[in-house]
Structure formats: structure tokens, C-alpha cells
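Here is a short briefing on one protein chain. Look over the sequence and the structure first, then work through the points below.

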Amino acid sequence: MGPRATALGALLLLLGQDPWVLPHPQCLDYKPPFQPPQPLAFCPEYSAFGCCDGRRDARLSARFQVLGSFLDPAGLQSCGHFLRDLVCQECSPYAAHLYDAEDVSSPVRALPGLCPAYCTAFWLRCRSVLSLLTEDPASLALEGNRARFCSALELGDPTYCYPAVLGSTALSQGLGRVREGARGCLQLCLREVANGLRNPVAMAHAGDGSHRFFVAEQRGCVWVFLANGSRAARPFLDLRAAVLTSPWAGDERGFLGLAFHPRFRATRTFYVYYSARAGPHETIRVSQFHVSAHDPNTADPRSERILLEVLQPASNHNGGQLLFGADELLYIFTGDGGRAGDPFGAFGNAQNKSSLLGKVLRIDVEPGADGPPYRIPPDNPFVGELGARPEVYAYGVRNMWRCSVDRGDPASGAGRGRIFCGDVGQNKYEEVDVIVPGANYGWRAKEGFACYDQALCANASLDDVPPIFAYSHELGRSVTGGYVYRGCHSPNLRGLYIFGDFMSGRLMSLREEAGSGHWHYKEVCMGQGQTCAFPGLLNHHVPHIISFAEDEAGELYFLATAIASAAVPAGILYRIVDPSRYLLSPPLPAGPGRFMGKAWPRSPPTTSPAPNPQLPHRTLPPPATPHPPRRASGHHPRKMGPRRRLGAKGPARQLPPGTVRLVHRGAAPGRGRLEILVGGQWGTVCDDRFDGRAAAVVCRQLGYGRALRVARRAEFGQGATLPILLDDVQCQGSERSLLECRSAPPEQHDCAHSEDVGVNPP
């Protein structure tokens with residue numbers, strides 16, 4: 001495998017830490033933190049990087065003035081700094097963690113999590129101001145007991161609690177910085193699709209129209225993710241008992257490749273590539289499996305049919321890519337056998353056509369009459385050559401890590417069927433190759449464009465095919481091959497080959513010059529400033545880029561991990577997003593946001609897109625009129641006026657009847673179960689008679705131009721805890737809300753929650 005061990009990963013494993021539980025910078029609206037365009041006046045400690053722009057900073061200042069107005073001057077002098085500190089934590093780049101918003105098993109805190117010493121000082125001097133910050137009776141009952149008070153308010157995390165998180169150099173170092181790229185670098189954003197994966201090495205789709213995708217972990221588990229984004233409770237395939245790997249960071253052995261038969265709908269077969277043990281020896285194994293006849297989301301583990309097994313002389317350079325070409329034949333990409341410099345034999349495995357290592361193999365998996373595990377395509381380039389293995393399609397490769405088939409230009413078909421690969425280098429250069437039959441890609445004579453073995457490099461018979469691109473170890477040290485983007489959602493990316501580097505975490509791209517065959521490099525940057533400041537978008541990722549993938553629609557993804565260990569659930573699946581299509585779209589509505597199933601009121605984008613008069617406005621009401629200050633007569637500051645809840649931005653804004661929201665627990669943002677506000681309560685809508693015109697009304701309320709489809713039969717989950725408010729909805733499509741459409745009277749229905757309707761905007 002191309003990825004190499006990391007010292008950090010080994011250290012964390014030795015210390016017994018689980019890095020996945022470490023918090024990451026995230027705001028309360030679940031957007032990434034950013035650098036505000038102007039310094040903040042009220043919360044200046046977050047001027048360099050945080051979750052507030054000038055407008056939110058001013059609102060927090062106004063809120064502080066309201067809270068302070070309930071204290072007399074002495075109380076304000078004694079406790080004002082505590083109030084300011086607590087109010088400003090909404091600006092912290094770790095706000096989601098401080099307010100416990102990352103944990104779906106607990107409610108969001110009304111107060112940020114405090115460090116023990118700070119909590120004790122707060123209790124001793126200012127505990128009586130608690131009722132200004134929360135109206136929760138259970139919280140107020142703790143005011144008289146320091147131990148219980150601080151037990152409730154302390155975060156229990158000595159590094160990430162306030163104020164330790166603010167002063168931590170380790171946590172603040174590098175926040176908000178984006179890697180500098182070449183002038184005019186391509187700025188992209190990301191959307192997190194799945195997390196908690198253990199070294200996710202591959203993602204594939206079945207091409208069967210189900211829009212499922214399958215994610216393979218290095219340890220041997222393959223998970224199926226359904227079209228609504230939810231992950232099946234049980235693995236699609238569990239080969240942990242057969243897969244050879246270890247928990248050590250950087251171990252290149254394991255489950256390495258996954259490919260579905262191009263006619264999967266008919267054959268129900270798929271293929272895997274993994275490391276195995278055969279007696280005292282290590283091998284790489286390619287096997288066929290069938291999907292269960294009873295469950296399309298489960299493989300039949302007893303159906304394994306081993307097609308190919310090759311002795312692996314060392315534990316590294318295991319290859320691992322499987323793919324079906326446009327010719328419907330299976331391509332297998334093996335490593336050179338490991339160690340360093342391909343030391344096997346006079347010329348190494350890669351230059352030896354009698355070895356299956358260091359090769360691109362091509363086989364026909366359709367069973368023949370005599371029942372061999374596979375057949376040799378008659379047009380393989382070395383069929384009949386003395387001493388050459390007939391499976392060999394190309395040779396001279398070191399350790400190709402992640403290859404892909406170009407779908408081709410959707411209009412002209414140009415490029416269709418080309419196979420691109422990243423080949424991991426030795427110690428100087430990484431390269432990207434286009435695979436052609438019979439080609440010698442030069443290893444170990446060459447590394448990239450440069451000579452590695454001087455004697456072999458000088459051999460006139462080498463006749464190697466140079467890479468389309470090579471880069472030095474100043475950019476990265478372990479290439480991860482990618483895809484030519486042919487999807488629809490990001491038209492600016494069409495035709496770009498997007499790839500990355502496992503070690504540096506760098507994303508890169510190549511564009512072909514029409515007619516010349518030359519490829520031009522362009523740096524890819526994460527969107528800077530407010531480029532990615534839209535709900536659900538990120539401008540950062542964990543560092544180790546393991547693999548790239550595309551879904552059935554041709555949209556591009558990559559898999560990465562914070563720690564390169566098969567034992568650590570630190571892997572994340574990201575979808576690549578071109579932010580320009582967001583900049584040209586209306587801002588999203590002010591409905592509740594969702595993250596891992598937890599609701600939180602979403603703030604408007606911190607950029608300044610043109611306002612949409614058809615969308616509800618999110619400006620906050622003015623602060624209440626302050627009470628005149630009065631002097632306290634005791635040790636603790638005296639409070640005046642009604643109690644207020646921390647986080648309440650003045651009086652609660654009354655949403656108009658007919659307001660809608662899409663609840664997408666487990667699904668991608670922008671789609672979900674439809675919920676509507678009627679009579680002051682939220683409820684669901686039945687799918688009876690609900691059609692595309694009704695969905696168009698909903699999507700127009702939410703700021704979308706049209707609806708992609710209606711999701712029936714509780715596809716996005718049942719709202720079992722909510723009432724069913726509307727049934728038999730019939731719209732013309734021009735109504736401003738569903739309440740203007742024909743329907744049964746509110747709360748009168750003859751349906752169940754199993755018929756809760758959902759909507760999928762474009």
C-alpha cells in the first residue's frame with residue numbers, strides 16, 4: 001500500500017489514546033471556523049480564528065449589555081468578566097465541543113463546559129448570576145452546592161474545557177491557516193459523508209441504480225451506505241478472520257481492493273483483494289463473492305471463490321487496486337513485492353514478466369466450460385511470449401496505489417476507458433500514469449522521469465512509457481491516485497484529474513491540453529475565508545488521503561484518516577464540492593440545521609450573499625430595555641428583572657404557520673423527512689396524494705428552485721414522536737405554503753407514520 005507509517009500514529013497507539021474522540025474545530029452551526037474580515041470588538045480573543053464575524057460579535061455585545069443590566073454596579077464589576085467570558089464562547093473555534101453539541105447522546109449545553117478551577121472561582125464569586133443564564137429548574141437547584149454545581153458545569157476534559165482551550169498552543173497552532181498553493185489555485189470545499197471508519201481504503205458502487213455505495217476498511221469490513229446516507233447496521237462483508245493486518249500505524253497489509261461486476265444486477269458478484277496468510281507465507285489474494293439471495297445489503301461469506309493468490313515476499317508494496325475496464329475485464333494492480341528498491345533477482349520483480357508482482361494484470365472472470373478460476377483474454381499483449389505470464393497487461397510498476405477508469409466526456413465520449421494510476425515512488429519522486437497495453441513503466445530503472453538504477457536506466461532496450469506527471473518529495477511522499485471528474489454538480493471541475501498525497505495531505509489536479517496530450521498541474525486549495533461558509537461545507541480535512549472514489553452519478557469523493565492504523569476509527573469520507581455553485585445559489589433558509597441527528601438553530605452564512613426576499617429573515621430582535629441599575633447590599637451581586645436563558649437572543653422569534661423543515665437524520669443535508677409548523681407545534685405530513693407540485697411548494701419555501709423527487713413511505717425515517725398534521729395534500733404548485741393547498745383539516749388523517757413524506761431538493 002502506498003501510505004507509510006506515521007510517527008504520530010505510532011505514538012498515539014502506544015499511549016493507548018483513541019484519536020477519533022479528540023474534538024475538532026467546529027462552530028455551533030456545524031460550519032468550520034474562519035477568520036473574520038475585521039477584528040472583533042467584544043470578543044477580540046477570537047479575531048484571528050473562530051466562529052463570529054462582526055455582526056455576531058455585536059449581537060453578543062448587546063446580549064451582554066442586557067445581562068449586565070440586571071446587576072448593580074458592584075455586581076457588574078465583580079462578575080462582568082465571567083458573563084463576558086461565557087457569552088463569548090459561542091465565538092470559540094471549539095464551540096461545538098464546549099457546548100457538547102458533538103455528542104448526539106446528550107442535549108446541547110446552555111453553558112459552555114468549564115475547567116475545574118474556573119468553575120470554582122465562578123461559584124465562589126458569582127453563582128447567583130446563574131439564573132440570568134438559564135431557566136432550567138434542575139440547574140438552578142444546584143446553585144447552593146459547589147460540588148454538584150461544578151459537576152454539572154465542568155466539561156471533564158482538561159484540555160478542551162474553558163479557559164484551557166483558549167490558551168492551548170497545541171490546539172490553536174495552525175488553526176485557520178490554509179496551505180498556500182500556486183497562484184490561482186483551485187479552491188474547493190468538502191462535505192463530510194461518513195466518519196468513524198477504520199482506515200477506509202476503498203469506496204465503490206454497484207452500478208445497479210440503487211445509488212448505494214460500499215466502503216471497505218483495511219481490517220476487512222465492508223459497509224453499505226444506503227441512498228439516504230444511512231449506514232446499514234451490519235457489515236456488508238466481514239473478512240476480519242481471513243484478512244492479514246495489524247493495528248500498527250502504517251501497516252500496508254489488509255483488505256485493499258473492491259470492485260463490482262459491471263453487470264452486477266445480473267451476476268450479483270463482486271471481487272476483493274486482500275492480504276492473507278498461507279501457512280508460513282504471506283500472500284495477496286483476489287476472490288469472487290456473491291451477494292446474499294435473501295438480503296441485497298449482505299454478502300454471502302460462504303461464496304468465496306479464490307481466483308488468484310500470489311506469494312508476497314515482504315509485508316509492504318502489496319498493491320491492492322481492482323477495477324473493471326470499459327472492456328468488462330478485471331484489472332489487478334500488484335506491488336513489486338516490497339522491501340526497498342525491488343531487490344528481487346537481477347532486474348527486480350517489476351521488470352520480470354515471469355513474475356506477477358509489480359504488474360498490471362488483466363483477466364476474464366467469466367467462467368469457461370472447463371471451469372478455471374479465470375480466463376486469459378486473447379488480446380493480452382504477452383500471450384505466447386516465452387517466459388512471460390499471459391495475465392500481464394503492463395509491467396515496470398512499483399506500487400500503484402489507486403487507479404480509476406475515465407467515464408469519458410459525457411457529450412463526445414473523449415477519454416472514455418482510459419485508466420489512470422498513481423504509482424508510489426521510492427525516495428525522490430511520485431508519478432501518475434495512464435495505462436496502455438504492453439507498456440513498461442520503468443521501475444526499477446526509473447523513478448518518475450529520473451534514473452533510479454543507473455545500469456538498467458542506461459539499457460537501450462528499456463523502452464519505458466513516461467508518466468503524464470511526476471512530482472518531487474517537496475510536494476508529498478506517497479501519491480494517491482484519483483479520478484477524472486465527469487459529474488454534473490461541479491461543472492468547473494469537468495475534465496480535471498483530481499488526486500492527492502497520503503503523506504502531505506495535499507490535493508492536486510491535472511488538466512489535459514487539448515490535442516497535445518500534455519497535462520498541466522494546478523494546485524487545489526481548501527476554500528479560504530468565507531468560500532466554504534455554507535451549511536454542511538468544510539474547508540479542512542484530516543491529513544492522510546487514502547483513496548478517491550466516485551458514486552453512480554460520477555460525483556467525486558475521497559477517504560482520509562487522522563491516524564494511519566486499521567484499529568483506529570479516525571477515518572472520514574468526504575465529498576468534493578465546487579463552492580462556486582453555492583455562491584450562485586440563494587442562501588439556505590433559517591430552519592434548524594442537523595448534524596449527526598442533533599438539531600441546532602442555524603445562523604446565516606457569514607458571507608454576504610444578496611438577500612432573498614422570499615426567505616425568512618434571521619436578524620435578531622433588539623435587546624430588551626435595560627432595568628435601571630441598583631446597588632447590591634450583600635456579598636453576591638443582586639439580580640434584577642426576569643431570569644433569562646443563556647443562548648436566548650432576546651424574545652423567541654415566532655415562526656409563521658406553515659414553516660417547513662427537512663429533518664435528515666443519517667441523510668445528506670438538503671433532503672429529509674418533511675415537518676411543518678401548524679398551531680404552534682411541529683408535525684409530519686402523510687404521502688397520500690403528495691406529489692411533485694406539493695414538493696415544489698416546499699422546496700421554494702426552502703430556497704430551492706425545484707424538487708428532485710418525493711420520498712415516500714418514511715424513507716427518511718418516521719417522526720414517531722410528532723403528531724401527523726397534514727394528510728391528502730394537493731397543490732397547484734404556485735402556493736406560498738402547504739397551508740394554502742387543499743388538504744384534510746389539520747390533525748385529521750387516516751395514515752400512519754410509516755407514510756411520512758420526505759422531499760429531496762436538487
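**Strands 14 and 15**

Strand 14 and strand 15 (residues 419-423) run antiparallel and are joined by four bridges. One residue pair shows this: Met400 has Asp423 of strand 15 as its bridge partner. Keep in mind that this is a predicted model.

**The open sheet**

- Strands 14 and 15 belong to an open sheet of four strands. Its order is 14-15-16-19, and the pairing is antiparallel.
- Which strands stand at the edges? They are strand 14 (400-405) and strand 19 (469-472). Each has a single partner strand, so one side of each is left without a neighbour in the sheet.
- On average, neighbouring strands of this sheet are turned by 15° against each other, with direction ignored.
- Strands of a sheet pair through backbone hydrogen bonds, and the pairing can be parallel or antiparallel.

**The whole chain**

- The protein chain has 14 helices and 34 strands.
- It holds 762 residues, and buried residues make up 55% of them.
- Take the contacts in the chain with a separation of 6 or more. Residues 24 or more positions apart account for 63% of these.

**Strand 23 and its two partners**

- Strand 1 (residues 186-197) pairs with strand 23 (residues 519-526) in the parallel sense. Three bridges make up this pairing.
- Leu188 has Met526 of strand 23 as its bridge partner.
- Strand 22 (residues 507-512) also joins strand 23, this time antiparallel and over six bridges.
- Here Met508 has Glu523 of strand 23 as its bridge partner.
- Strand 22 and strand 23 form a hairpin with six residues between the strands. In this hairpin, Gly515 takes a positive phi near 85°.

**Helix 2 against helix 3**

- Helix 2 (residues 54-68) packs with helix 3 (residues 73-88) at an angle of about 145°. Their axes are 10 Å apart.
- The crossing of helix 2 and helix 3 is right-handed.
- Which residues make the contact? Helix 2 gives Leu60, Phe64, Leu67 and Gly68. Helix 3 gives Leu76, Gly80, Leu83, Arg84, Val87 and Cys88.
- Sorted by class, the contact of helix 2 with helix 3 has seven nonpolar residues, two polar and one charged.

**Helix 14 and its cover**

- At the start of helix 14, a side-chain oxygen of Asp691 comes to within 3.1 Å of the backbone nitrogen of Arg693.
- Helix 14 spans residues 692-701. Its buried residues are Ala694, Ala695, Val697, Val698, Cys699 and Gln701.
- What covers the buried residues of helix 14? The cover includes strand 29 (660-663), strand 30 (672-678), strand 32 (709-711) and strand 34 (758-760).

**Met203 in detail**

- Met203 sits in strand 2 (residues 200-204).
- Is Met203 buried or exposed? Its relative accessibility is 6%, so Met203 counts as buried. The cut-off for buried is under 20%.
- Met203 and Glu550 are 347 residues apart along the chain. Even so, 7.8 Å separates their C-alpha atoms.
- Leave out residues up to four places away in sequence, and Met203 touches Phe213, Phe214, Val215, Ala549, Glu550, Asp551, Tyr557, Leu559 and Leu573.

Technical notes: Residues are numbered from 1 along each chain as its sequence is written. This is a predicted model: local features need pLDDT of at least 70, side-chain atom pairs count only at pLDDT 80 or more; totals for chains, interfaces and linings use all residues. Side-chain values use heavy atoms; hydrogens and water are left out. Two strands pair if DSSP finds at least two bridges between them. Helices (H or I, at least four residues) and strands (E, at least two) are DSSP runs, numbered from the N terminus. Axes are lines fitted to C-alpha atoms, for helices over the stretch in contact, and angles run from 0 to 180 degrees between N-to-C directions. A crossing is left-handed if the near helix is turned anticlockwise from the far one by less than a right angle, and right-handed if clockwise. Contact means heavy atoms within 4.5 Å. Ala, Val, Leu, Ile, Met, Phe, Trp, Tyr, Cys and Pro count as nonpolar, Asp, Glu, Lys and Arg as charged, and the others, Gly among them, as polar. Buried means under 20% relative accessible area, exposed over 50%, partly exposed in between (1.4 Å probe, protein chains only). A polar contact is a pair of N or O atoms within 3.5 Å; within protein, one must be able to donate a hydrogen and the other to accept it, and residues adjacent in sequence count only if both atoms are side-chain atoms.
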